[in-house]
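Reader: I'm new to this one. Could you walk me through how the two chains meet?

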Amino acid sequence: MFGVLMITLLLTISLVGSNMDTILKQGVIYQVRAEITENTTIAQGFNNPEEFEKFVQQKIDERIETLGLDTPWYSPQRLGYTMYKILILDFGNATFLTSDSGSSNVGEIIFEKMPKTILLFTTATIIISIIGIVLGAASSNKIGSKTDRITSTFAVISSSFPVWWIGMLMIFVFAFVYQIFPARATPSIEPDDPGYILALLYHMALPVITIVLIGFGAWAYLVRNFMVGIMQEDFISAKKTIGISRKKIVYSHALRNAAPPIVTILALSLSGSLGGAIITEAVFDWPGMGRLYFEAISVMDLPVIIGSTYILTVLFLVSIFIADLLYGYFDPRVRTSS
Amino acid sequence: MSSVSTQEIKTEFLKSKLGLTGIFILSGLILVSIITISVIPASTFQEWNNPEKWISYPKTSVPSWVNFISADKIPEHKILEPEIFQSQDNGIFLTSQQFGVFFDYDDFPSDFIIEMKTKYSDSHLVQIKVIRPDGIILELLSTSLPYSNSDTIHNQRYFSTDSMIKKNLNMYKNDFQFDFLSGTTEIIFSELNKNEIQKGNYIFVIDTYGTKEPIEVLDSKLVLGGKAYGLMGTDELRRDLAIGLLWGTPLSLFIGISVSIGSVVVGLVYGVYSGYRGKKTDEVMMRFNDVIYALPALPFLIILAVTISNSIFLMIGFLMIFSWVGIAKVSRSMSLQIKTRQYIEAAKIMGQKDSKIIFRHILPQLLPYAFASIAISVPAAITTEAGLSFLGLGDPSFPTWGQILHDANTYGAAAQGFWWWIVPPGILIAITGLAFVFIGNALDAIVNPKLKR
């Protein structure tokens, strides 16, 4: 797993590395020139412009060397240094973006945005999974019934709409035609205001509704399919013959047996939604990781891009790991076999 | 894994209503694509981002079919062609271009532009007037074409916002019983006693008088600015959305199908080979698979699009990188099962090559699964590409549905209520996705009969 993380990092750095170098070098040139022009006495010491130009160039070269920018980004020592710094969560400073409190430290920016993404998507995923499990169980109870059919159809239809498009429609309908919810999901009050949390929740409503609307159908369908598989098992038939009521079988015995795959997928979909958050957050203007990522890419703020890719990958891997652990916990057969 | 023959799949598939619906939608989309490619000139999509081309189109106008539904008739954007009459009288050559329009909408046209491309020599007088349904003739403009010694081709535009037109209209002030505060079109198309639409036939006449020879009209049109245009309306940049949406169809089908076929083929071969070889090779190949699986796809796609290129063909390649992984896993476990069957062992003992065993004996067994997964993975490819385009990372030389939505979002279409700009692209994305989901589900139900019960 650690290896995967390192490979991800390497890939990210190699993709953005050359761009980063050019940008950094330009920054240095600009900085050096600014310093020299500010200090008029230096300029007076030269007879002709060529000599002055030479001096400036020399200064720039010196600065580039001290910063270690003379070796290319793929040289082992620079690569190693960058990786090491990222490993200890030191992402350096952002080039353009700042956090709400004004800091340009990438770590601080990310950790300011992350709770909001987690808040939004965890809430949505929990709602989705509750609705999905209940509906899925209900429709697996009576296969071919009205509930089952509606759920399946809804699952198929809803999963082929892009979330962000539904988001646009929702904004159009509920923020402009009927002005129930705000269009932008960023609260306008300052974060230290006591009403901030309420405002945040109110602004969160529309994105959550959208994500739930798109997501729960597929979930219900998934749960239903697991349940259908389990309902055909021998032990369920045995329970039926004993005379345990069907409802009890479905909601306690079968559902418990369907738990391992469901929980695994829950953990995976949580982390998966973090990646998908980029577009959703861009639509709703939700001040989370996704929007940060999008903004960082549109202005090519490389430290932020690298940092957030790293954090996203870490989150993804951690959730895969947790999913594995949970699977083992719910399904003891896996533990003994490995 | 159940082995189903191709014939069985065909008969089973024809029984499935869902699958047939999918095929039906898909063939409709393919038909639209073929018509688009063969009928609409390719220059329309090449100039999609060229504002020059769209200048005579209206800005953010609703689709014209809205008039069938709504109570108020919204003035349609009209591009009129003239009827040209030429005559000669006492040595004066008269060329008269007449644009007739039946106007029965409930709102004034926003403006009009006369575009005229003519060939002439010497000097010519131009008179523009309009004949209203009530018989009143309004002289709008008297001007002349620039003098020239030899034959020249001259482009001329007359705008309704011209101050001369306004001045000339002021001479009719006494005929109208309201104050002239509004624009010229709101006077020309108005009743006399109150400032309301007068419905009926209007004729715009452009007369040119020359003393030596008549002018030759090469191209001329009257653009009557309205708020409704075409099948799908227009966007903020005056582009005809119908054309964008039509071109989006073959593009998204192309993207979806090529990504899914590519990734399924790669995943299948990779997985089968890995499962067949087993041991160390399997271990190494599956670890590599795990690595790709653990990469967050969308962030990486974005980085790739930003740093390398956003060309549509490279994008297809990038999408493939992230979509073959799951298929490789499944086909590996399938090939592990098939590997143990006796005929494979027999083939091995007979001394057949590995590659031959894989391609002749194992892969054909997986074909039904492959078709199902091709169909199922198309929608994901289409929505991912649309998502990337929506973020503004699409290929700017092709109008895709995602890009139309991106523009809509940039110009705040939702906030301004331009529903015709938002709804159709999304519905098209969804319909295309649905077609493949239907086909895929129908195939899946045949390949994995367990789900049917």
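Author: Sure, and one term helps before we start: pLDDT is the predictor's confidence in each residue, from 0 to 100. You'll want it here, as this is a predicted model.

Reader: So what is the mean pLDDT of chain B?

Author: In chain B, 97% of the residues reach 70 or more. Among its elements, helix α3 (residues 43-46) of chain B has the lowest mean, 75, and helix α7 (residues 241-277) of chain B the highest, 89. For chain B overall, the mean pLDDT is 83.

Reader: And what ipTM does the predictor give the complex?

Author: The predictor gives two scores for the complex. The pTM is 0.78, and the ipTM is 0.75.

Reader: How many residues does chain B bring to the contact?

Author: Both chains take part, with chain A bringing 43 residues. On the other side, chain B brings 40.

Reader: What share of the buried area comes from carbon and sulfur atoms?

Author: Between chain A and chain B, about 3,600 Å² is buried. Salt bridges between the two chains number zero, and the rule finds one residue pair in polar contact across the interface, both at pLDDT 80 or more. As for carbon and sulfur atoms, their share of the buried area is 82%.

Reader: Which element gives the most to the side of chain A that touches chain B?

Author: Several helices of chain A give two or more residues to that side, among them α1 (2-38), α8 (196-231) and α10 (246-284). The residues there divide into 33 nonpolar, ten polar and no charged. With eight residues, the one that gives the most is α1(A).

Conventions
Residues numbered from 1 in each chain as written. Chains lettered and ligands numbered in written order. Predicted model: local features only at pLDDT ≥ 70, side-chain atom pairs only at ≥ 80, totals over all residues. Heavy atoms only, no water. Contact = heavy atoms within 4.5 Å. Buried area = accessible area lost by both parts, 1.4 Å probe. Salt bridge = Lys/Arg side-chain N within 4 Å of Asp/Glu carboxyl O. Polar contact = N/O pair within 3.5 Å; in protein donor to acceptor, adjacent residues only side chain to side chain. Helix = DSSP H or I, 4+ residues; strand = E, 2+ residues; numbered from the N terminus. Nonpolar A, V, L, I, M, F, W, Y, C, P; charged D, E, K, R; others polar.
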